[in-house]
Amino acid sequence: MLTRDLSNEAYHASSAISKSGLDLIARSPAHFAFRAPSAPSRAMEMGTAIHTALLEPDRYASEYVTVDCEDRRASAYKEAVKVHGSERVLTRAESDKIGGMSASVQGNPHAQALLKHDFAATEVSILTVDPETGVNVKCRFDLLAGNKALDLKKTQDVRPDAFAKSVANYRYMVQAAFYTDVYRWETGMELEAFGFLVVEEEMPHASAIYVLDDDAIQYGRKLYRRDLNRYADCLNANEWPSVDQTPQILSLDRKSTRLNSSHRC
C-alpha cells in the first residue's frame, strides 16, 4: 500500500518494521523488542514543526502558533499550550529559527525544483512485504517528486565532510537503500534518486542536497538485509537476544585517548 492518507500516528502504530526499528535490531533484538515507550520530546516536536514548515508551509501557517516570549515557562506560553497543545505552540526564538531554515530552503533552487514539482507529494507512507523474508515493512517519505525522493535532515554543519559523519553515525545509507527497495517492492518501479535535503539549525541556516553514491547504497543494502533477516528469524522463533555477553578484549584507538607524557610512573 502506498498512501498519503495515513496519519503519522497510524503509521507509527503499525507493527511493520521500519528503518528506525532496524537500527535497534542492529544494536540487539532485545533493544527492539523491549524498548521503553517514550513521550515526544521537545526536540521531536521541533523536528515535526521544521518538517511541516519546510515541506507543508500552508499547513504550518494554519496550525502553528507563535507566542511572543523567549521562555516556555512564560505564562502566555502556558496558556497557549492549554488551547493548542505543546506541539503546536512555539516561542519567538523557536519560530525565528524555523523561519530562517525555511528561508534558506526557499532560496535553494535545487530544493525548490523538487518541492514545487508537478507531482510532488509529502508524507507518503508505504506498507508492504519484504519478498525475501515475508515480513511486513514500512517507510514514510518526506517528499516524493515523480520518481525522486527527498528526505529532510536538520544538522549542525552542512559541509560534505561533516554530513558524511552524520550519514555514518545515523545510518542514513541504510535509510536510502531501504526506502529505495521498499518503493520498488510496492510499485515495481525504481526510484531515480534518493536525496537528503540538509539544513543547518543555526544561522545562517545553510542548506544543501546530497545523494549517496552506489557504494554507499550497496553498503546500506547489506546492513539492512542483515538486520531484516535477523528480525525475521527472531520474529519466527519469538526469541529476542541481547548483546553478546561473552567476555571480550577491548582495544583503544590511540587517537581517541589523551596521554600526558610528562607524567611517568
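These are my notebook entries on what I looked up in a predicted model of one protein chain.

**Entry 1: overall composition**

I began with the secondary structure, and the protein chain comes to 11 helices and 8 strands. I then looked up the extent of the chain: its C-alpha atoms fill a box of roughly 65 × 55 × 40 Å, taken along the principal axes. Of the 265 residues in the protein chain, 44% are buried. I also noted how contacts are spread along the sequence. Among contacts with a separation of 6 or more, 69% join residues 24 or more positions apart.

**Entry 2: the sheet**

In which order do the strands of the open sheet lie? I recorded the order E1-E4-E5-E6-E7-E8, which holds 6 strands with mixed pairing. The edges are strand E1 (2–3) and strand E8 (207–211), each of which pairs on one side only. As background, I noted that strands of a sheet pair through backbone hydrogen bonds, either parallel or antiparallel.

I then went through the pairs in turn. Strand E4 (residues 120–129) and strand E5 (residues 136–145) run antiparallel and are joined by 9 bridges. As one example of this pairing, Ala121 has Leu144 in E5 as its bridge partner. E6 and E7, by contrast, are parallel, with 8 bridges between them. Here Leu150 has Gly195 in E7 as its bridge partner. E7 and E8 are again antiparallel, and 5 bridges join them. In that pair, Leu197 has Ile209 in E8 as its partner.

**Entry 3: cover on E7 and E8**

I next looked up how far these two strands are covered. E7 is mostly covered, as 7 of its 8 residues are buried. E8 has two unlike faces: Ala208 and Tyr210 form the covered one, while Ser207, Ile209 and Val211 form the uncovered one.

**Entry 4: the hairpin and His205**

E7 and E8 form a hairpin with 6 residues between them. In its turn, His205 has a positive phi of about 60°. Is His205 buried or exposed? His205 counts as buried because its relative accessibility is 6%, and the cut-off for buried is under 20%. I then listed what His205 touches beyond four places in sequence: Lys97, Gly100, Met101, Ser104, Val199 and Glu200. For a residue far away in space, I looked up Val129: its C-alpha atom is separated from that of His205 by 39 Å, and the two residues are 76 residues apart along the chain.

**Entry 5: helix H7**

Several of the residues touched by His205, including Gly100, Met101 and Ser104, led me to helix H7 (residues 92–106). This helix has 15 residues and reaches 21 Å from its first C-alpha to its last, close to the 21 Å expected at 1.5 Å a residue. Its buried residues are Glu94, Ser95, Ile98, Gly100, Met101, Ser102, Ser104 and Val105.

**Entry 6: helix H4 and Glu45**

Helix H4 (residues 42–55) lies across E4, E5, strand E6 (148–155) and strand E7 (193–200), and runs at about 135° to E6. Glu45 is found in this helix. Glu45 counts as buried because its relative accessibility is 13%. Beyond its neighbours within four places in sequence, Glu45 is in contact with Pro40, Ser86 and Glu87. I also looked up Asn108, which is 63 residues from Glu45 in sequence and 25 Å from it in space, C-alpha to C-alpha.

**Entry 7: the nonpolar cores**

Which residues have the most contacts inside the largest nonpolar core? They are Phe141 and Leu228, in a core of 44 residues. The elements that give two or more residues to this core include helix H2 (19–27), E4, E5, helix H9 (160–170) and helix H11 (214–237). H10 supplies the largest share, 10 residues.

I followed Phe141 further. Leaving aside neighbours within four places in sequence, its contacts include Thr122, Val124, Ile126, Tyr179, Tyr183 and Phe194. A second, separate core has 21 residues, among them Ala49, Leu54, Leu115 and Leu197.

**Entry 8: cysteines**

How many disulfides does the count give? The count comes to 0 disulfides, with a limit of 2.5 Å between the sulfur atoms of a cysteine pair. I looked up two cysteines for burial. Cys69 is buried, with a relative accessible area of 11%, and Cys234 counts as buried at 6% relative accessibility.

Terms used. Residues numbered from 1 in each chain as written. Predicted model: local features only at pLDDT ≥ 70, side-chain atom pairs only at ≥ 80, totals over all residues. Heavy atoms only, no water. Pairing = 2+ DSSP bridges. Helix = DSSP H or I, 4+ residues; strand = E, 2+ residues; numbered from the N terminus. Contact = heavy atoms within 4.5 Å. Axes fitted to C-alpha atoms, helices over the stretch in contact; angles between N-to-C directions. Expected span 1.5 Å × (residues − 1). Buried < 20%, exposed > 50% of the residue type's maximum accessible area, 1.4 Å probe, protein only. Core = buried A, V, L, I, M, F, W, Y, C linked by side-chain atoms within 4.5 Å.
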